[in-house]
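Me: I am new to this structure and would like a close look at a single part of it. Please pick one residue and describe its surroundings step by step.

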Amino acid sequence: MTNLDLMEKIVSLAKRRGFVFPGSEIYGGLAGVYDFGPHGVELLNNLKRLWWEASVSARDNWYGLDAGMFKNPKVWEASGHTSGFSDPLAECKKCNTRIRVDKELEALGVTADEKMSEEEINALFDAHRAEIACPKCGGHEFSPAKKFNLLVKSNLGDFASEGGEPVYLPGEACQGIYLDYKNVVDSMHPKIPFGIAQIGKAFRNEISPRNFLFRCREFEQADTQLFVKPDENKEAYEALKEERMAWYQSIGIRKEKLRFKQHENLVFYAKDAWDIEYEYPWGFDELEGIHDRSDYDLSQHQKFSGTDLSYADPETGEKFIPWILETSMGMGRLFLAILADAYREDELGGETRAYLALSPKVAPVKAMVSPLLKNKPELVEKAKEIRAALSKALPGAAIAWDDNGNIGKRYRRQDEIGTPFCITIDFDTLGEKPELKDTVTLRHRDSGEQERLTVSEAAEKIRAAI
Ligand code: ATP
């Protein structure tokens, strides 16, 4: 299987099995927007819950937040997004396809960073033009690169028609944390160092959305901001990096598919910046950014809002603007990494099959219950009884019912969904062999192995795994 095959297979399985659908599909779609289907939303919710547990519940002195998406237009001025949040765009002269010049240069090993002027980017672009081909028609003639702002405008309140700034959709979710930092301090009285975590939507006018969930125009970010005393950043930053890397492994991602990458060109206020990269089907690429940002964000908001955002240390009385250590992970990029990491093909019982070797913690369905034959009422009734007993024994766990097609087909379907356990009720469960009465067959997804257990033994196995 080539890497491109793998990508195609993941996209196709995601649609076929109700994980991810293209947005507005019946109208021909809308580039860069995807919908999470019935199994997708369960998997997504499991990932969010595991992230929340690790980022808020399991940590001392961390606080959750869910800020409104629309913000005062001044927020994006203070953050630098209205002036600086842009990508260099060029258009193919033959077919009008738009390319992102910085990403094309990056693929050639040339860095065009955010601080560069249009002239500087065009000088680099001109020097490498012959090596850059249009992804659609293969041509090499492009318009000059122009900076294209990524913020998405709304007409909320219609301020722009009165000459004011428009209200933007969030270009990044984390601004909500800076804006509510003072409210959290005043209401929760946290002792520094303390952290705030949030999952929120972000919108970007990406020039060329691509690679499925990797580069979208609407996506979710899971962000944490750790507030520390000035100059007390280094040790905490290293600890944060290690924690985040370990977290990915704790939810089942293979260690060898993850790596750190340090940023070469830091923005002027940053002390350090690293990405955690995952090896996607097209190669290693950014999954999460971990940034040591000094006091930049709060200082900017203090300056633009005129509100005092300093922290008063309750022990020493000292007042200062905290420094911020940030982690920012794209939920869609995590979702894609989880699918790519779990996708397997093998031979089982003389047939090739595809399955998702998802960690039972993240799997959308924990177990499937089915009667061996669906036209035998006594089997169906017993299977329903057992499903109800399992749901009671495993509160909150998604226990599915499937009596469609023959048992082999049902197993294949659950394998593709990544269901770790299948439970089958047969005539022995009803007591045809008296010594097996009230036992079931528990099938394991990855090995295909089956074992005979009582219902409570099966429930215990599932509980231990999830
Ligand atoms: P890139 O260089 O790939 O455009 P970025 O460095 O601009 O990403 P950040 O602004 O640091 O990304 O955003 C933090 C995280 O949000 C990224 O690590 C990524 O996981 C996610 N993210 C950013 N842009 C997108 C997008 N267009 N679609 C999906 N996820 C995204």
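Reply: A residue is called buried when its relative accessible area is under 20%, and exposed when that area is over 50%. The model is predicted, and the residue chosen here is Ser55, found in helix 2, which covers residues 38-57. Ser55 has a relative accessible area of 2%, so this residue counts as buried.

Within the helix, a polar atom of the Ser55 side chain lies 2.8 Å from the backbone oxygen of Trp51. Apart from neighbours within four places in sequence, Ser55 is in contact with Trp62, Ala197 and Thr224.

The sheet comes next. Helix 2 lies across strand 3, strand 9, strand 10 and strand 16 (323-330), and runs at about 155° to strand 9. Helix 7 (residues 175-188) also lies across strand 3, strand 9, strand 10 and strand 16, at about 145° to strand 9.

Strand 9 (residues 194-203) and strand 10 (residues 218-228) run antiparallel and are joined by ten bridges. One bridge pairs Gln198 with Asp223 of strand 10.

These strands belong to an open sheet of seven strands with mixed pairing, in the order 3-9-10-16-13-12-11. Strand 3 (62-65) and strand 11 (258-262) stand at the edges; each has a single partner strand, so one side of each has no neighbour in the sheet. On average, neighbouring strands of this sheet are turned by 25° against each other, direction ignored.

Technical notes:
Residues numbered from 1 in each chain as written. Predicted model: local features only at pLDDT ≥ 70, side-chain atom pairs only at ≥ 80, totals over all residues. Heavy atoms only, no water. Helix = DSSP H or I, 4+ residues; strand = E, 2+ residues; numbered from the N terminus. Buried < 20%, exposed > 50% of the residue type's maximum accessible area, 1.4 Å probe, protein only. Polar contact = N/O pair within 3.5 Å; in protein donor to acceptor, adjacent residues only side chain to side chain. Contact = heavy atoms within 4.5 Å. Pairing = 2+ DSSP bridges. Axes fitted to C-alpha atoms, helices over the stretch in contact; angles between N-to-C directions.
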